[in-house]
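Biologist: I should like a close look at a single part of this model, namely the sheet and the nonpolar packing that goes with it. Please set out the account as one connected description.

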Amino acid sequence: MSIDRAFGIFTKENLDQYLKELGKEFRKRNGTKMPAEIVLVGGAAILANYGFRESTYDVDAVVSASSVMKEAVNAVGDKFSLPSRWLNSDFQSTNSYSPNLRRYSKPYKTYSNVLHIRTMDAEYLVAMKLKSGRSYKKDLSDVVGILYEQKKRNDPLDYDKIDRAVKDLYGNWEGISEYARQFLANALSSEDLSVLFEEQMKEEEASRQILIRTKEQTEEKMTEESAEEIIRKALAKKENKC
């Protein structure tokens, strides 16, 4: 589990550039008879749809393509000096994945007439972020950012839309923590989402710093569960001192 990268390397502008190049590389190897499809999720989907996120660390996606897609991904990575597996489906092993993602995705862009990129509507992105709910990542600040930008677009999200999205993807709310549910309730009733966004960003950064310090002191591998426990204990200890 990586926790020590302070800044992402993908922005909306270069993400589109890399995907465009990926379309070219895939077409070069595969021709046009068998198109490929990529559904962007996570930070990449946020970048594609909104302006409050400046960057992300990698590109999480559901990839449906022939085996040469891996060669095309590596070729783009080599050309632009990107990290290995810059585009990957690792998130499919996390609890935020749902086999229903493709069904509820929407078209984003097509490159070289052969690479079809899809992304997710706002309520489904919120559902996925609530499912992850990691205090040391941008999951909950992303929820606030989405709510804020949807409100500015005069297309606000309400609980009913989010409830439907959660059930579409996961069947029910059982896998979403009580903390994430309460956070959503507070966000939906907030009178100033911009302030809440800044506050949540600060909390997430504080949690991330706790994990960085812990990682420097131990060589034990962290899981998401152990990371959250470390953060809870550190924050409880800090409160007791105050």
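Modeller: The description below begins with the sheet, turns to the nonpolar cores and ends with one charged residue. The model is a predicted one.

The sheet is open and consists of five strands, arranged in the order E3-E2-E1-E5-E4 with mixed pairing. Its edges are strand E3 (87-88) and strand E4 (105-111); each has a single partner strand, so one side of each is left without a neighbour in the sheet. Strand E1 (residues 36-40) and strand E5 (residues 115-120) run parallel and are joined by four bridges. Within this pairing, alanine 36 has leucine 115 of E5 as its bridge partner.

As for the nonpolar packing, the largest core comprises 65 residues, and Leu22, Leu40, Trp86 and Leu130 have the most contacts inside it. Helix H4 supplies the largest share of this core, seven residues. Another core, of six residues, lies apart from it and includes Tyr136, Ile210, Leu211 and Met222. Leucine 22, when residues up to four places away in sequence are not counted, touches Ile38, Met69, Ala72, Val73, Val76, Trp86, Leu87 and Leu115.

Helix H4 (residues 122-132) also holds lysine 131. This lysine is buried and yet forms no salt bridge: glutamate 174, the nearest side chain of opposite charge, is 8.3 Å away, whereas a salt bridge requires a separation within 4 Å. Beyond its neighbours within four places in sequence, lysine 131 is in contact with Asn95, Ser96, Tyr170, Gly175 and Ile176.

Technical notes: Residues are numbered from 1 along each chain as its sequence is written. This is a predicted model: local features need pLDDT of at least 70, side-chain atom pairs count only at pLDDT 80 or more; totals for chains, interfaces and linings use all residues. Side-chain values use heavy atoms; hydrogens and water are left out. Two strands pair if DSSP finds at least two bridges between them. Helices (H or I, at least four residues) and strands (E, at least two) are DSSP runs, numbered from the N terminus. Buried means under 20% relative accessible area, exposed over 50%, partly exposed in between (1.4 Å probe, protein chains only). Lys and Arg count as positive and Asp and Glu as negative; His and the chain ends are not counted. Contact means heavy atoms within 4.5 Å. A nonpolar core is a set of buried Ala, Val, Leu, Ile, Met, Phe, Trp, Tyr and Cys residues joined through side-chain atoms within 4.5 Å.
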